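Student: Before we go through the assignments one by one, could you show me the model and tell me how each label is justified?

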Amino acid sequence: VHVRFAPCFNAVGQVEGGIGIVEDITERRRAESERERLYREAQEAVRVRDDFLSIASHELKTPLTPLSLRLATLERRLARGEHVEPSTLRQARLHLLRITSLINDLLDASRIEAGRLALRPEPTRLEGLVKQVLHSLESERGDHTVHFDAPEQPVQVNVDPFRMEQVLSNLVENAFKYSPHGGTVRVSLRQRGGLALLSVSDEGIGIPPDQQRLLFDRYFRARNVSARSFGGLGLGLYISRDIVERHGGRIWVESEPGHGSTFHVALPLMAGAPAQPLAQEPEQ
Ligand code: ADP
């Protein structure tokens, strides 16, 4: 409560009495602390946005420098009528691809925020999609060994193949990226209880236990990932979770810091298979 007191004077200036006001200010305090909380939240949002903008500009600039160097070399050589190495062109193209993929992630994230990421599901054989992704990432494999534990039966799901390929690519690319010393990346696909179960395991840096549940949040990057050694915007898993969940599936992670991580995706099989509720994470 808030107490105020005002004395009342008579004609000769003596105190004759007074008026006391006792006010219940619970609501006012509540409103003030609510205002402070909103203010703190707004400041935090501005900080996150500023951090993100500086990371995003850095990430976008990183491939731009070598790209413009390679283009300058090409221009010089062509002007002198010299031989141009196909590898110079190829590297320029890879830098361009990196920039395109960052921009696509930024666009996808804002489409998700606006509820406008369109899905075009069609009957899809998941094992074919996995093979396609592994083939297209062959040049990023480096010194990793890749194993695909393929199912005996075809695994048919009703998904947008382009978007599901994006999820798989993201998981396999992360497995390569966060296992800086190579090792084996295992992709496994099988079906059980009406679900297609896919997992991607690596023997990399792993994820601190208290950060695992935050991985799928927008912009989140775990603290064992320094921006310098592992580039990234923290959007891939956020986009992947949205895509998987909008197909009626689940995505989750198991990880041991220093030993590796396994990302799991469960998707409903196409009609014909018995349905199983996805409220629980299978196998956990
Ligand atoms: P990015 O890789 O661009 O940071 P992602 O959304 O793909 O964004 O991943 C978010 C974070 O999750 C990463 O920054 C990293 O901390 C963690 N992470 C993802 N995959 C792995 C993995 N295979 N091993 C260890 N950490 C991982």
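Student: Which helices and strands each supply at least two residues of the shell around the ligand?

Tutor: They are α4 (161-177), α5 (236-246) and β9 (260-268), where helices (H or I, at least four residues) and strands (E, at least two) are DSSP runs numbered from the N terminus. The largest share, three residues, comes from α4. This is a predicted model, in which local features need pLDDT of at least 70 and side-chain atom pairs count only at pLDDT 80 or more, while totals for chains, interfaces and linings use all residues. Residues are numbered from 1 along each chain as its sequence is written, and side-chain values use heavy atoms, with hydrogens and water left out.

Student: What makes a residue near the ligand, and which come nearest?

Tutor: A residue is near a molecule if one of its heavy atoms lies within 4 Å of it; of the 21 residues around the ligand, N174, Y178, D202, R221 and L237 come nearest.

Student: What makes the pair formed by the ligand and the side chain of Y178 a polar contact?

Tutor: A polar contact is a pair of N or O atoms within 3.5 Å; within protein, one must be able to donate a hydrogen and the other to accept it, and residues adjacent in sequence count only if both atoms are side-chain atoms. An oxygen atom of the ligand is 2.6 Å from an N or O atom in the side chain of Y178, so the pair falls within the 3.5 Å cut-off. Ligand oxygen is also found 2.9 Å from a polar backbone atom of A222 and 3.1 Å from one of G236. Taken alone the ligand exposes 540 Å², of which the protein buries 97%, the areas coming from the Shrake-Rupley method with a 1.4 Å probe.

Student: Why is E127 called buried?

Tutor: Buried means under 20% relative accessible area, exposed over 50%, and partly exposed in between (1.4 Å probe, protein chains only); E127 has 8% relative accessibility, and therefore counts as buried. This residue lies in helix α3 (residues 126-136), and a polar atom of its side chain is 2.9 Å from the backbone nitrogen of V155.

Student: How do you know that Y219 is partly exposed, and what is notable about its phi?

Tutor: The relative accessible area of Y219 is 27%, so it is partly exposed. Y219 lies in the loop between β7 (195-201) and α5, and its phi is near 70°, a positive value in a residue other than glycine. Most residues other than glycine have a negative phi.

Student: Why is V1 called exposed?

Tutor: V1 has a relative accessible area of 75%, and is therefore exposed; V1 lies in the segment before β1 (2-9).
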